[in-house]
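The following exercises are intended for a reader who is new to this structure. Please keep the sequence and the 3D view at hand while working through each solution.

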Amino acid sequence: MCDGASSEEAEAAESLSCMPFATLGIGDAREDTDVPQINSKKSEEKESIKSEQENKRKKHHKDYQPNYFLSIPITNKKITGEIKTLQNAIIQQDKRLAKAMVGDGSFHITLLVMQLLNEDEVNIGVDALLELKPSVEDVLRGRRLTLPFQGIDTFRSQVGFVKLVDGDHIPPLLEIAEMAQRMFQEKGIVAGENRSFKPHLTFMKLSKAPWLRKRGVKKIDPAWYEKFIHHRFGEETLYRIDLCSMEKKKQSDGYYHCESSIVVGDKSGGEPDDAELVKLSKRLVENAVLKAVQQYLEETQNKKQPGEGSSVKAEEADRSGSGSDNNRK
């Protein structure tokens with residue numbers, strides 16, 4: 001996914017991956033003139049199969065739409081407070097931009113995006129996250145991984161984000177992201193898929209309010225945030241990684257629907273406060289109860305025999321009729 005290469009190298013690799021020969025090995029590319037061409041029919045069949053597999057691969061990537069992600073939540077109140085100050089300063093310049101701001105409670109770093117198409121795949125994703133915990137602990141080695149945020153930048157002037165400062169914390173964070181991608185892909189989950197990992201903290205997206213384009217707001221103007229270009233927003237300690245849904249209803253605190261979480265890092269100084277632990281526990285319990293109720297309803301519906309519902313209704317009608325007769329008496 002991301003091996004620390006330069007952006008130029010990453011772009012070159014990405015463009016190469018789109019070319020037809022990208023999936024061919026050295027042996028496939030080399031012309032073997034020493035082998036007699038007596039199996040031309042079999043060769044044609046192999047080429048046909050190879051072409052079909054290539055078409056499937058292209059279709060697979062075309063249809064790939066991430067709907068889940070691994071999140072590092074931002075819970076430091078200094079950071080969230082500073083971001084609110086930034087957002088308010090931008091909104092004061094154009095009140096329409098309020099609709100493009102990331103809401104309270106949603107601030108996070110995306111570690112990995114993936115596609116989970118059904119409940120079975122979600123369960124596989126949960127297992128992958130839980131199995132990832134020991135590997136993350138090995139990378140951290142009992143240390144606190146502190147993530148400092150300073151300055152503003154954009155992606156193609158469409159997404160505004162607070163920058164993660166360069167430093168010694170970047171290599172272990174990249175290593176964790178790479179391990180996560182491998183873990184999920186080994187379990188058959190479509191994850192990463194040519195998306196380079198650039199850790200950032202999004203605070204606004206024009207795509208949240210597409211009608212702005214029709215009203216002349218086509219890009220994020222650097223003048224909106226010029227006072228925050230070098231602003232220090234604070235530091236976040238990595239202590240939790242969540243598996244979150246992009247589509248399911250958000251939690252009451254504004255954070256994404258969370259399927260599962262792992263707590264990692266230094267046990268002496270990197271743990272969340274009691275209030276955050278209570279919120280996390282409550283969220284996980286609520287999700288577990290919801291899943292149990294859904295499973296119960298599905299099992300009950302599957303066990304119901306054809307005609308059972310009508311017989312129950314008939315029995316209730318008979319009872320209702322008897323009750324009416326008694327009332328008339």
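Three exercises follow, each with a worked solution.

The model is predicted: local features need pLDDT of at least 70, side-chain atom pairs count only at pLDDT 80 or more, and totals for chains, interfaces and linings use all residues. Residues are numbered from 1 along each chain as its sequence is written, and side-chain values use heavy atoms, with hydrogens and water left out.

**Exercise 1. Aromatic rings**

Determine how F69, Y255 and Y256 are linked by ring pairs.

Solution.

Step 1. Apply the criterion: rings of Phe, Tyr and Trp (its six-membered ring) pair if their centres lie within 6.5 Å, and planes under 30 degrees apart count as stacked, over 60 as edge-to-face and the rest as tilted. Across the whole structure, the search yields 3 aromatic pairs.

Step 2. Take F69 with Y256: the centres are 5.1 Å apart and the planes stand at 85°, an edge-to-face pair. This pair joins distant parts of the chain, 187 residues apart, with F69 in strand 1 (residues 68–73) and Y256 in the loop between strand 8 (240–245) and strand 9 (258–263). Helices (H or I, at least four residues) and strands (E, at least two) are DSSP runs, numbered from the N terminus.

Step 3. Take Y255 with Y256: their ring centres are 6.0 Å apart and their planes lie at 75°, so this pair is edge-to-face. Ring pairs thus join F69, Y255 and Y256 into a cluster.

Step 4. Consider accessibility, where buried means under 20% relative accessible area, exposed over 50% and partly exposed in between (1.4 Å probe, protein chains only). F69 and Y256 are buried, and Y255 is buried with Y256.

Step 5. Look for a charge over a ring (NZ of Lys or CZ of Arg within 6 Å of the ring centre and within 35 degrees of the ring normal). K250 lies over the face of Y256, 4.5 Å from the ring centre.

**Exercise 2. Backbone angles**

Describe the phi angle of R156 and that of S157, and state where each residue lies.

Solution.

Step 1. Recall the general expectation: most residues other than glycine have a negative phi.

Step 2. R156 is not a glycine, yet its phi is positive, at about 50°. S157, also not a glycine, has a positive phi of about 60°.

Step 3. R156 is placed in the loop between strand 3 (146–155) and strand 4 (159–164). S157 is likewise found in the loop between strand 3 and strand 4.

Step 4. R156 counts as exposed because its relative accessibility is 73%. S157 has 24% and therefore counts as partly exposed.

**Exercise 3. Salt bridges**

How many salt bridges does the count give? Examine the partners of K84, R240 and K248.

Solution.

Step 1. With a salt bridge defined as a side-chain nitrogen of Lys or Arg within 4 Å of a carboxyl oxygen of Asp or Glu, the count is 7.

Step 2. K84 pairs with D104, their closest N and O atoms being 3.0 Å apart. K84 is in helix 4 (residues 77–93) and D104 in the loop between helix 4 and strand 2 (108–115), 20 residues apart. K84 is partly exposed at 29%, and D104 is partly exposed at 47%.

Step 3. R240 meets D242 at 2.7 Å, N to O; both residues are buried.

Step 4. K248 pairs with E259, with 2.7 Å between the closest N and O atoms. K248 lies in the loop between strand 8 and strand 9, and E259 in strand 9, 11 residues apart. K248 is partly exposed at 34%, whereas E259 is buried at 8%.
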